[in-house]
Amino acid sequence: MKIKLNNDRVKSWRKDRAWSQEDLAECSGVSVRTIQRIENGNPTSRDSAASIAAAFNVDLNTLLVDIDGEVEKAVEQQSKKSILGLKLSVWIHAVSYLFVVFVWAVVDVAGSIHYARPMSYWFIIPALWWLVGLLGHMLALFIVIYATRFQREIDALDS
């Protein structure tokens, strides 16, 4: 069975002792290539991991990756990406709205000049309905941001 060690911890402990990868390999009885793989974040066998822990004179559990912490970081990062994506979509929606309403207004002005008639302001009704959709999109962003913030506060209280 392959297990994943905390590669940053292995590297920093090796460097703290002023050991090269070859020195750690010699102390632990594993190959240099295995040390290189571990320091690159690749999983290793339980025996190799136990040998490296013994070389550092620590319990194997202190070298293992904190799976819960890694999962929590990944979930947090995904949540931030989702919120940023939603913010971007609201900005795109808002800029599109302003551009199209501006074009509609120009068309109305151009038509009134060309046909020598007063402006009809026909674009206001679709612009208002589109504004309702844009506000709904902004409300969704607001709800997601605040729900995420409250969830973080609840999680902080639980820990």
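## The two sides of helix α2

In this predicted model, helix α2 spans residues 21-28, and four of its residues are buried: Q21, L24, A25 and S28. Around the helix axis these four cover an arc of only 100°, so they sit on the same side of α2. Turn to the face directed away from that buried side and you will meet E26 and C27, both exposed.

What do the buried residues of α2 pack against? Their partners are helices α1, α3 and α4, the last of these covering residues 46-56. Once α2 ends, the chain continues with G29, a residue with a positive phi, near 80°.

## A buried pair between α1 and α3

Now to the charged side chains. Side chains of opposite charge can pair when their charged atoms come close. The count for this model is three salt bridges.

One of them joins E39 to R14, with the closest N and O atoms 2.5 Å apart. The two residues belong to distant parts of the chain: E39 lies in helix α3 (residues 32-39) and R14 in helix α1 (residues 7-16), a separation of 25 residues. Are these partners buried or exposed? Both E39 and R14 are buried. Helices α1 and α3 have already appeared here, as both are packed against by the buried residues of α2.

## A partly exposed pair between α5 and α6

E76 and R152 also form a salt bridge, this time with an N to O distance of 2.9 Å. Here too distant parts of the chain are linked, with E76 in helix α5 (residues 67-114), R152 in helix α6 (residues 124-158), and their positions 76 residues apart.

The surroundings of this pair are easy to describe from the accessibility values. E76 has a relative accessible area of 28%, so it counts as partly exposed. R152 falls in that class as well, because its relative accessible area is 36%.

## D108 and R117: one buried, one partly exposed

How far apart are the closest N and O atoms of D108 and R117? They are 4.0 Å apart, and the two residues form a salt bridge.

The accessibility values of the partners are worth a look. D108 has a relative accessible area of 0% and is therefore buried. R117 reaches 34% relative accessibility, so this arginine is classed as partly exposed. The bridge thus joins a buried aspartate to a partly exposed arginine.

Notes
Residues numbered from 1 in each chain as written. Predicted model: local features only at pLDDT ≥ 70, side-chain atom pairs only at ≥ 80, totals over all residues. Heavy atoms only, no water. Salt bridge = Lys/Arg side-chain N within 4 Å of Asp/Glu carboxyl O. Buried < 20%, exposed > 50% of the residue type's maximum accessible area, 1.4 Å probe, protein only. Arc of directions from axis to C-beta. Contact = heavy atoms within 4.5 Å.
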